[in-house]
Every structure is written in C-alpha cells, then in structure tokens.
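Reader: I would like to go through this structure with you, one question at a time. Please explain each term as it comes up.

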Amino acid sequence: MIRLRVPELNEERRKELVKVAHKYAEAARIAIRHVRRDAMDVLKKLEKDLKTMSEDEHKRQSELVQKTTDQAISDVDGALAGKEKEIMTV
C-alpha cells in the first residue's frame, strides 16, 4: 500500500479550476444550441419540403424544442453553480 498526501488547493488554483468548469459549461451550452438548431431545421423541412406538418404543429413543436433547450441550459447552469461552490469551499 502506498499513501500519498495531497495538499489542499490554494485560492489561485481553485480560481483556475472554476475557469475550467466555466469553459466546459459553455461548451455544453453550445452543444445544446447546435442540437436545437438541427431540430429546428428538421421541423422546417417537415413543414416546407415534405408538407407533413401544419404551421400550427410546427409552431407547437418549435416551442417544445425551445422549452427543452431552455431547461437543458438551466440544468447546465445549475450544475456549474454547484460545482463552483464545491470547488471554492475550503
């Protein structure tokens, strides 16, 4: 058995880790927005090109996609806030 003593993080290192967490959160937000854009493109194609969706259904589905996107981004923001608090706690 090997025992390693890991020193506590100093304030500067904690701030660096928070910046890294912010970068990951922003990457997640961007990925979510890309998925939303792809979903909106599919809905637009169904309405315009394939004529398999009415305007009203397109609007309802678009609102559902936006609501889901907002919830996902809210989840990312909540996770980031929790992680930032966890990192900064001594």
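Reader: How many positive and negative side chains does the protein chain have, and how far apart do the centres of the two sets lie?

Author: This is a predicted model, in which local features need pLDDT of at least 70 and side-chain atom pairs count only at pLDDT 80 or more, while totals for chains, interfaces and linings use all residues. Residues are numbered from 1 along each chain as its sequence is written, and side-chain values use heavy atoms, with hydrogens and water left out. Lys and Arg count as positive and Asp and Glu as negative, without His and the chain ends, each charge being placed at NZ of Lys, CZ of Arg, CG of Asp or CD of Glu. The protein chain has 20 positive and 18 negative side chains, and the centres of the two sets lie 4 Å apart.

Reader: Which elements give two or more residues to the largest nonpolar core?

Author: A nonpolar core joins buried Ala, Val, Leu, Ile, Met, Phe, Trp, Tyr and Cys residues through side-chain atoms within 4.5 Å, where buried means under 20% relative accessible area with a 1.4 Å probe, protein chains only. The largest one has six residues, namely Ala21, Ala25, Ile32, Ile73, Val76 and Leu80. With helices taken as DSSP runs (H or I, at least four residues) numbered from the N terminus, the elements that give two or more residues to this core are helix H1 (11–48) and H2.

Reader: Is Ser62 buried or exposed?

Author: Ser62 has its place in helix H2 (residues 55–88). Leaving aside residues up to four places away in sequence, Ser62 touches Met40 and Leu43, a contact being heavy atoms within 4.5 Å. Its relative accessible area is 13%, so Ser62 is buried.

Note on methods:
Buried means under 20% relative accessible area, exposed over 50%, partly exposed in between (1.4 Å probe, protein chains only).
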